[in-house]
Amino acid sequence: MTAKTILLIGPPGAGKTTIATQLARETGMAVIAAGQQLRAEIRAQTPIGQQIGELLEHGQLAPDTLMAELMRSWLRAIPPTQPCLLDGYPRSVAQARMLEALLAEQGRQVDAVVVLDLSEATIIHRLSGRRVCRSPDGRDVTLHIDDTETVAQCLARGGVLMQRDDDQPDVIRARLHLYEQATAPVLDFYAARGLVHHVNADQPPAAIVAAIRAALQI
């Protein structure tokens with residue numbers, strides 16, 4: 001029997017990477033984090049990575065056909081008996097339809113879609129409070145200004161606190177608007193199939209993971 005394939009969807013600041021990592025550790029499922037995988041392809045200068053790198057340099061997105069080709073190769077690397085979690089894909093209904101075909105090639109299907117719900121106010125607090133501590137040796141560490149102990153340690157080491165441009169409140173609101181516009185049709189696509197499960201993401205990671213495991217019985 002082919003193992004489950006689960007999609008993880010959530011706005012910026014919802015902690016998808018943390019949740020995916022903990023789910024993988026507890027359940028043994030493989031994780032395909034599309035954004036991270038894409039950056040790895042670019043760093044490795046694979047033929048597809050080079051194509052995508054050139055597109056991104058010119059402010060263009062990777063076309064659906066190229067993303068499908070990458071997703072096919074990533075899925076093939078996962079044994080059919082191993083559960084799989086997809087983070088960051090699909091981002092459109094067109095990609096969702098392509099994913100159906102790609103999964104069918106592996107004898108898989110989308111079994112559940114987990115949506116991490118978080119209020120705009122909480123997201124803005126989380127992201128606008130992020131800072132990068134740049135140490136004198138050039139190393140960067142991400143922290144939150146609410147974590148006063150870590151902030152003090154950074155400054156004591158001679159570090160400098162910086163805020164990323166995309167962590168400004170106005171930029172965050174714009175990102176959330178784009179996320180909602182792009183995600184709504186995808187959620188409607190899967191909701192029509194009865195696959196969508198909403199989980200409150202305004203709680204500790206362990207509680208979120210427990211809620212997901214209970215909802216999906218994994």
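This is a short tour of a predicted model, stop by stop, with what to select and what you will find there.

**Stop 1: the largest pocket**

Start by selecting Gly10, Lys16, Asp87, Gly88 and Arg91, the residues closest to the centre of the largest pocket among the 47 that line it. The space in this pocket comes to about 1,600 Å³. To see the walls, colour the elements that each give two or more residues to the lining: β1 (5-9), α1 (16-27), α2 (34-44), α4 (64-76), α6 (120-128), α8 and α9 (205-216). If you then colour the lining by residue class, expect 24 nonpolar, 13 polar and 10 charged residues.

**Stop 2: the second largest pocket**

Next, select Pro11, Asp117, Leu118, Tyr179 and Glu180, which are the closest to the centre of the second largest pocket out of its 13 lining residues. Here the space is about 170 Å³. Two or more lining residues come from each of β4 (112-117), α6 and α8. Which element gives the largest share of this lining? Show α8, which supplies six residues. By class, the lining has nine nonpolar, one polar and three charged residues.

**Stop 3: a cavity**

Now hide the surface and look inside. The structure holds one cavity of 30 Å³ or more, and the volume of the largest cavity is about 40 Å³. Select Ile6, Leu7, Leu8, Leu23, Met29, Leu85, Val114, Ile212, Leu216 and Ile218 to show its lining. How do these residues divide by class? The lining has 10 nonpolar residues, with no polar and no charged ones. β1 and α9 are the elements that give two or more residues to this lining, and β1 has the largest share, with three.

**Stop 4: α5 against α8**

Keep α8 (residues 169-191) on screen and add helix α5 (residues 93-105); the two pack with their axes 8 Å apart, at an angle of about 40 degrees. That angle makes α5 oblique to α8. For the contact, pick Val93, Ala96, Arg97, Leu99 and Glu100 on the α5 side, then Pro185, Val186, Phe189 and Tyr190 on the α8 side. In this contact, seven residues are nonpolar, two are charged and none is polar.

**Stop 5: α2 against α3**

For another helix pair, select α2 together with helix α3 (residues 47-57). Their axes come within 7 Å and cross at roughly 105 degrees. Are α2 and α3 roughly parallel or roughly perpendicular to each other? They are roughly perpendicular, because angles of 65 to 115 degrees count as such. Show the side chains of Leu38, Glu41 and Ile42 in α2, which meet Gly49, Ile52, Gly53 and Leu56 in α3. The contact between α2 and α3 divides into four nonpolar, two polar and one charged residue.

**Stop 6: backbone details**

Stay with this pair and step into the loop between α2 and α3, where you will find Gln45. The phi of Gln45 is near 55 degrees, a positive value in a residue other than glycine. Gln45 is partly exposed, with a relative accessible area of 46%.

Gln217, in the segment after α9, also deserves a click. Its phi is positive too, at about 55 degrees, although Gln217 is not a glycine. Is Gln217 buried or exposed? Gln217 is exposed, with a relative accessible area of 71%.

Then go to the loop between β3 (84-87) and α5, which holds Pro90. What kind of peptide bond joins Tyr89 and Pro90? This bond is cis, with omega about 5 degrees.

**Stop 7: two distances to draw**

Finish with the distance tool. Draw a line from the C-alpha atom of Gln217 to that of Asp165: the separation is 40 Å, for residues 52 apart along the chain. For the other line, begin at Gln168, in the loop between β7 (160-162) and α8. Gln168 is partly exposed, with a relative accessible area of 34%. Its C-alpha atom is 40 Å from that of Gln82, and the two residues are 86 apart along the chain.

Notes. Residues are numbered from 1 along each chain as its sequence is written. This is a predicted model: local features need pLDDT of at least 70, side-chain atom pairs count only at pLDDT 80 or more; totals for chains, interfaces and linings use all residues. Side-chain values use heavy atoms; hydrogens and water are left out. Axes are lines fitted to C-alpha atoms, for helices over the stretch in contact, and angles run from 0 to 180 degrees between N-to-C directions. Helices (H or I, at least four residues) and strands (E, at least two) are DSSP runs, numbered from the N terminus. Angles under 35 degrees count as roughly parallel, over 145 as roughly antiparallel, 65 to 115 as roughly perpendicular and the rest as oblique. Contact means heavy atoms within 4.5 Å. Ala, Val, Leu, Ile, Met, Phe, Trp, Tyr, Cys and Pro count as nonpolar, Asp, Glu, Lys and Arg as charged, and the others, Gly among them, as polar. On a 1 Å grid over the protein atoms alone, a cavity is a set of points where a 1.4 Å probe fits but cannot get out, and a pocket is an open set with protein on both sides within 12 Å along at least five of seven lines; lining residues have an atom within 4 Å of a point. Grid points are joined across faces, edges and corners, and a volume is the space filled by probe spheres set on the points. Buried means under 20% relative accessible area, exposed over 50%, partly exposed in between (1.4 Å probe, protein chains only).
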